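This briefing goes through one protein structure, topic by topic. Please look at the sequence and the model below before reading on.

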Amino acid sequence: MSTIALHGVSKRFGSTQALNQLELEVAAGEVYALLGANGAGKSTTLNLLLGFLRADGGEVRVNGIDPAVDANAVRASIAYLPEQVALYPNLSGIENLQYFAALAGRQLGTNESMELLRSAGLAMAAHGRRLGEYSKGMRQKVGVAIALAKRAKVVLLDEPLSGLDPSAANEVTKLLRELADGGAAVLLATHDLFRARQVADRIGILKQGEKRAELQAADIDAAQLEALYLQHMEA
Ligand code: ATP
């Protein structure tokens with residue numbers, strides 16, 4: 001059984017069919033990148049998995065649990081990194097990590113916190129500085145450290161790389177691979193075809209709430225992926 005599973009999932013907002021009979025599975029240890037234009041249904045998919053939205057039809061499961069039935073149980077196993085990780089600007093990196101880890105039921109000492117921040121690629125000199133002084137890439141790394149602290153079985157990311165410089169994006173991309181290698185199912189919504197191909201095992205292309213293509217990242221190079229994506233967008 002896949003850790004993340006959506007079968008025949010539909011979701012409508014008024015007259016907009018945001019998702020139409022979506023089929024999607026992500027296994028433990030796998031990174032899956034969901035591509036699609038603005039409004040394709042990527043965020044809606046993540047919000048259904050988080051239990052923030054309820055599907056009109058079909059089956060949504062995270063570790064076998066329906067988020068619409070037990071959102072708390074599902075969220076306990078999920079680390080969610082949105083485009084802007086919501087952290088406290090007046091707390092330091094260590095304090096933010098400790099606060100959010102405690103919410104997930106883990107009390108972290110200073111040494112363990114620093115080790116997690118270091119694993120997430122945050123330089124030691126920044127650990128004690130207030131978040132308000134961090135760059136976007138540094139904040140994303142604290143988000144990754146929280147995911148590591150939570151030992152999340154499921155990692156959901158909505159545009160986590162947008163606005164990051166190439167080296168920060170490269171570092172965060174590597175961390176996603178490490179989270180998957182540690183056994184997490186990682187589902188990433190992104191517009192970044194290059195990084196999607198670099199990090200993902202499988203790639204899905206969404207259009208108007210439907211999965212139009214799904215492929216193994218290893219079967220395609222960056223230029224081929226771009227051509228395929230554009231072909232689907234124009235069709
Ligand atoms: P983006 O790349 O811009 O983030 P997306 O692929 O994440 O887009 P969604 O945010 O899932 O797309 O939106 C899918 C469709 O559903 C869009 O047409 C959007 O306008 C609509 N939609 C999403 N949420 C709502 C809502 N709460 N109320 C009304 N319509 C919504």
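Leu19 is found in strand β2; helices (H or I, at least four residues) and strands (E, at least two) are DSSP runs, numbered from the N terminus. This is a predicted model, in which local features need pLDDT of at least 70 and side-chain atom pairs count only at pLDDT 80 or more, while totals for chains, interfaces and linings use all residues. Residues are numbered from 1 along each chain as its sequence is written, and side-chain values use heavy atoms, with hydrogens and water left out.

**Leu19**

- Leu19 counts as buried because its relative accessibility is 0%; buried means under 20% relative accessible area, exposed over 50%, and partly exposed in between (1.4 Å probe, protein chains only).
- Leaving aside neighbours within four places in sequence, Leu19 is in contact with Val9, Ser10, Lys11, Gly41, Thr44, Thr45, Leu48 and Gly209, where contact means heavy atoms within 4.5 Å.
- Leu19 and Leu228 are 209 residues apart along the chain, and their C-alpha atoms are separated by 21 Å.

**Helix α1**

- Helix α1 covers residues 42-49, and 6 of its 8 residues are buried, so the helix is largely enclosed by the rest of the structure.
- The buried residues in α1 are Lys42, Thr44, Thr45, Leu46, Leu48 and Leu49.
- After α1 comes Gly51, with a positive phi near 80 degrees.

**The ligand**

- Around the ligand are Phe13, Thr16, Ala18, Ala37, Asn38, Gly39, Ala40, Gly41, Lys42, Ser43, Thr44 and His191; a residue is near a molecule or strand if one of its heavy atoms lies within 4 Å of it.
- The side chain of Asn38 has an N or O atom 3.0 Å from an oxygen atom of the ligand.
- Such a pair is a polar contact (a pair of N or O atoms within 3.5 Å; within protein, one must be able to donate a hydrogen and the other to accept it, and residues adjacent in sequence count only if both atoms are side-chain atoms).
- From Ser43, a backbone N or O atom lies 2.8 Å from an oxygen atom of the ligand.
- For Thr44, an N or O atom in the side chain is 2.6 Å from an oxygen atom of the ligand.
- The ligand taken alone exposes 640 Å², of which the protein buries 58%; accessible areas come from the Shrake-Rupley method with a 1.4 Å probe, and for residues only the protein chains shown count as cover.
- Two elements, β2 (16-26) and α1, give two or more residues to the shell around the ligand.
- With 3 residues, α1 gives the most to this shell.

**Domains and nonpolar cores**

- The chain is assigned domain 1 (4-77 + 153-234) and domain 2 (87-151); these bounds come from an automatic or database domain assignment.
- The C-alpha centres of the domains 1 and 2 are 25 Å apart.
- In the contacts between them, 11 residues of domain 1 meet 11 residues of domain 2.
- The largest nonpolar core has 49 residues, and Leu35, Leu97, Val155, Val186 and Ile203 touch the most other members.
- A nonpolar core is a set of buried Ala, Val, Leu, Ile, Met, Phe, Trp, Tyr and Cys residues joined through side-chain atoms within 4.5 Å.
- Helix α5 (residues 136-150) gives the most to the largest core, with 7 residues.
- Each of domain 1 and domain 2 supplies at least three residues to this core.
- Another core, of 24 residues, lies apart from it and includes Val9, Val26, Val74 and Ala185.

**Thr190 and Glu30**

- Thr190 is in strand β7 (residues 185-190) and counts as buried at 2% relative accessibility.
- A polar atom of the Thr190 side chain is 2.9 Å from the backbone nitrogen of Asp192.
- Glu30 lies in the loop between β2 and β3 (31-36) and counts as buried at 12% relative accessibility.
- A polar atom of the Glu30 side chain is 2.9 Å from the backbone nitrogen of Ala27.

**Positive phi outside glycine**

- Asn63 is a residue other than glycine with a positive phi, near 50 degrees.
- Asn63 sits in the loop between β4 (57-62) and α2 (71-76) and is partly exposed at 31% relative accessibility.
- Gln208, also not a glycine, has a positive phi near 45 degrees.
- Gln208 is in the loop between β8 (202-207) and β9 (210-216) and is exposed, with a relative accessible area of 55%.
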